[in-house]
Amino acid sequence: MQAVNLTKEEANLLHVKENTASLKINRKAINDKNIPIEFTQALARGDKFVYRSKQYNE
């Protein structure tokens, strides 16, 4: 996670003002052989962000 200020385009998509503080979230999922199988990048509004995470290794 990284704290960033939104660009005008990003702010329009999230319905907030330009340069509003937000969180940039980069996630990478790997398989049991440590090979990346998914990469996700997201922006979250700083005023409405709740993060929950569960990891399983079975």
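The following legends describe three close-up views of a predicted model. Local features require pLDDT of at least 70 and side-chain atom pairs pLDDT 80 or more, whereas totals for chains, interfaces and linings use all residues. Residues are numbered from 1 along each chain as its sequence is written, and side-chain values use heavy atoms, without hydrogens or water.

**View 1. The open sheet.** Three strands (DSSP runs of E, at least two residues, numbered from the N terminus) are arranged in the order E1-E2-E3 with antiparallel pairing; two strands pair if DSSP finds at least two bridges between them. Strands E1 (2-5) and E3 (36-45) each have a single partner strand, so one side of each lacks a neighbour in the sheet. From one strand to the next, the twist averages 30° (angles from 0 to 180 degrees between N-to-C directions of lines fitted to C-alpha atoms).

**View 2. Arg27 and the pairing of E2 with E3.** Strand E2 (residues 21-30) pairs with E3 over nine bridges, and Asn26 stands opposite Gln41 in E3. Arg27 belongs to strand E2 and is partly exposed, with a relative accessible area of 46% (buried is under 20%, exposed over 50%, partly exposed in between; 1.4 Å probe, protein chains only). Beyond its neighbours within four places in sequence, Arg27 contacts Glu38, Phe39 and Thr40 (heavy atoms within 4.5 Å). The C-alpha atoms of Arg27 and Glu38 are 8.0 Å apart.

**View 3. The lining of the largest pocket.** A pocket is an open set of points on a 1 Å grid over the protein atoms alone where a 1.4 Å probe fits, with protein on both sides within 12 Å along at least five of seven lines; lining residues have an atom within 4 Å of a point. Residues lining the largest pocket include Ile25, Arg27, Asp32 and Tyr56.

How values were computed: Helix = DSSP H or I, 4+ residues; strand = E, 2+ residues; numbered from the N terminus.
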